[in-house]
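Subject: Handover of a structure and summary of findings

Dear colleague,

Please find the structure below, together with its sequence. A summary of what was found in it follows.

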Amino acid sequence: MASLQAKLPAVKLLTDPDYKVCDAWGLHAAGAESPSPGTFVVDRDGNITWRHLGDDKSDWPTYAEVAAALH
(Lines give C-alpha, C1' and ligand atoms only; values in the text may rest on other atoms or scores of the structure.)
Protein backbone atom coordinates (compact mmCIF):
# COMPACT_ATOMS: atom_id res chain seq x y z
CA MET A 1 0.00 0.00 0.00
CA ALA A 2 2.87 2.38 0.78
CA SER A 3 4.30 2.14 -2.74
CA LEU A 4 0.89 2.74 -4.30
CA GLN A 5 0.28 5.70 -1.97
CA ALA A 6 3.58 7.21 -3.10
CA LYS A 7 2.39 7.02 -6.71
CA LEU A 8 -0.98 8.64 -5.86
CA PRO A 9 -0.18 11.44 -3.40
CA ALA A 10 -3.43 13.32 -4.09
CA VAL A 11 -5.54 10.31 -3.06
CA LYS A 12 -5.73 9.02 0.51
CA LEU A 13 -5.51 5.22 0.53
CA LEU A 14 -6.51 3.25 3.60
CA THR A 15 -6.24 -0.40 4.61
CA ASP A 16 -8.51 -2.41 6.89
CA PRO A 17 -6.62 -5.52 8.05
CA ASP A 18 -9.12 -6.33 10.83
CA TYR A 19 -12.20 -5.80 8.59
CA LYS A 20 -13.71 -3.26 10.99
CA VAL A 21 -14.64 -0.81 8.24
CA CYS A 22 -15.60 -3.61 5.84
CA ASP A 23 -17.96 -4.99 8.46
CA ALA A 24 -19.47 -1.57 9.17
CA TRP A 25 -19.99 -0.83 5.46
CA GLY A 26 -21.40 -4.25 4.61
CA LEU A 27 -18.46 -5.54 2.59
CA HIS A 28 -17.53 -8.55 4.72
CA ALA A 29 -20.09 -11.33 4.91
CA ALA A 30 -19.94 -13.47 8.03
CA GLY A 31 -17.78 -16.52 7.38
CA ALA A 32 -16.38 -15.17 4.12
CA GLU A 33 -12.67 -15.64 3.57
CA SER A 34 -12.27 -12.06 2.37
CA PRO A 35 -14.45 -8.97 1.94
CA SER A 36 -16.25 -8.08 -1.26
CA PRO A 37 -14.58 -5.32 -3.27
CA GLY A 38 -15.82 -1.82 -2.68
CA THR A 39 -14.66 1.58 -3.82
CA PHE A 40 -15.86 4.71 -2.05
CA VAL A 41 -15.33 8.40 -2.68
CA VAL A 42 -15.61 10.31 0.58
CA ASP A 43 -15.67 14.11 0.64
CA ARG A 44 -13.81 16.30 3.13
CA ASP A 45 -16.84 16.36 5.41
CA GLY A 46 -16.86 12.57 5.61
CA ASN A 47 -19.85 12.04 3.32
CA ILE A 48 -19.82 9.16 0.85
CA THR A 49 -20.43 10.86 -2.49
CA TRP A 50 -20.02 7.79 -4.70
CA ARG A 51 -19.60 4.06 -4.26
CA HIS A 52 -19.15 0.92 -6.26
CA LEU A 53 -19.94 -2.36 -4.50
CA GLY A 54 -18.48 -5.33 -6.33
CA ASP A 55 -20.17 -8.68 -6.80
CA ASP A 56 -16.95 -10.68 -6.73
CA LYS A 57 -13.19 -10.23 -6.31
CA SER A 58 -12.75 -9.09 -9.91
CA ASP A 59 -15.56 -6.52 -9.93
CA TRP A 60 -13.86 -3.14 -9.64
CA PRO A 61 -14.81 0.21 -11.21
CA THR A 62 -12.82 1.53 -14.12
CA TYR A 63 -10.41 4.42 -13.67
CA ALA A 64 -12.78 6.53 -15.77
CA GLU A 65 -15.70 5.79 -13.41
CA VAL A 66 -13.67 6.77 -10.36
CA ALA A 67 -12.27 9.87 -12.07
CA ALA A 68 -15.78 10.99 -13.03
CA ALA A 69 -16.88 10.54 -9.41
CA LEU A 70 -14.09 12.84 -8.22
CA HIS A 71 -15.31 15.81 -10.26
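The lining of the largest pocket is made up of 24 nonpolar, seven polar and five charged residues. Please bear in mind throughout that this is a predicted model.

**The largest pocket**

The space within the largest pocket amounts to about 1,500 Å³. Its lining comprises 36 residues, and Lys12, Leu13, Leu14, Thr39 and Phe40 are the ones nearest the centre. Three elements each give two or more residues to this lining: α2 (20-24), β1 (38-42) and α3 (63-69). Which element gives the most to the lining of the largest pocket? That element is β1, with five residues. As general background, empty space left between atoms is revealed by rolling a probe the size of a water molecule over them.

**Overall architecture**

The protein contains three helices and two strands, and these follow the pattern α-α-β-β-α along the sequence. Its C-alpha trace spans about 35 × 25 × 25 Å along the principal axes. Of the 71 residues in the protein, 14% are buried. The protein exposes about 5,800 Å², and 55% of this is supplied by carbon and sulfur atoms. Among contacts with a separation of 6 or more, 6% are between residues 24 or more positions apart.

**Histidine 28 and tyrosine 19**

Histidine 28 is located in the loop between α2 and β1. Its side chain is joined to the side chain of aspartate 23 by a polar contact of 3.0 Å. In addition, a polar atom of the histidine 28 side chain lies 3.4 Å from the backbone oxygen of alanine 32. Once neighbours within four places in sequence are left aside, the contacts of histidine 28 are Tyr19, Cys22, Asp23, Ser34 and Pro35.

Tyrosine 19, one of those contacts, belongs to the loop between α1 (2-7) and α2. Although tyrosine 19 is not a glycine, it has a positive phi of about 65 degrees. Its relative accessible area is 26%, so tyrosine 19 is classed as partly exposed.

**Strand β2: threonine 49 and histidine 52**

Threonine 49 is placed in strand β2 (residues 48-53). With a relative accessible area of 47%, threonine 49 is partly exposed. When residues up to four places away in sequence are not counted, threonine 49 touches Val41 and Asp43. Threonine 49 and leucine 70 are 21 residues apart along the chain, and their C-alpha atoms are separated by 8.8 Å.

Histidine 52 is also found in strand β2. Is histidine 52 buried or exposed? Its relative accessibility is 19%, and residues under 20% are classed as buried, so histidine 52 counts as buried. The side chains of histidine 52 and aspartate 59 make a polar contact at 3.2 Å. Apart from neighbours within four places in sequence, histidine 52 is in contact with Pro37, Gly38, Thr39, Asp59, Trp60 and Pro61. One of these, Thr39, was listed above with the residues nearest the centre of the largest pocket.

**Helix α3: glutamate 65 and valine 66**

Glutamate 65 is in helix α3 and is partly exposed, with a relative accessible area of 37%. The side chain of glutamate 65 reaches the backbone nitrogen of threonine 62 at 2.7 Å. The C-alpha atoms of glutamate 65 and lysine 12 are separated by 17 Å, the two residues being 53 residues apart along the chain.

Valine 66 likewise lies in helix α3. Why does valine 66 count as partly exposed? The reason is its relative accessibility of 21%, because the buried class takes in values under 20% and the exposed class values over 50%. Setting aside residues up to four places away in sequence, valine 66 touches Thr39, Trp50 and Pro61. From valine 66 to tryptophan 50 the C-alpha distance is 8.6 Å, with their positions 16 residues apart in sequence terms. Thr39 and Pro61 also appear among the contacts of histidine 52.

With kind regards

Key: Residues are numbered from 1 along each chain as its sequence is written. This is a predicted model: local features need pLDDT of at least 70, side-chain atom pairs count only at pLDDT 80 or more; totals for chains, interfaces and linings use all residues. Side-chain values use heavy atoms; hydrogens and water are left out. On a 1 Å grid over the protein atoms alone, a cavity is a set of points where a 1.4 Å probe fits but cannot get out, and a pocket is an open set with protein on both sides within 12 Å along at least five of seven lines; lining residues have an atom within 4 Å of a point. Grid points are joined across faces, edges and corners, and a volume is the space filled by probe spheres set on the points. Helices (H or I, at least four residues) and strands (E, at least two) are DSSP runs, numbered from the N terminus. Ala, Val, Leu, Ile, Met, Phe, Trp, Tyr, Cys and Pro count as nonpolar, Asp, Glu, Lys and Arg as charged, and the others, Gly among them, as polar. Buried means under 20% relative accessible area, exposed over 50%, partly exposed in between (1.4 Å probe, protein chains only). Contact means heavy atoms within 4.5 Å. Accessible areas come from the Shrake-Rupley method with a 1.4 Å probe; for residues, only the protein chains shown count as cover. A polar contact is a pair of N or O atoms within 3.5 Å; within protein, one must be able to donate a hydrogen and the other to accept it, and residues adjacent in sequence count only if both atoms are side-chain atoms.
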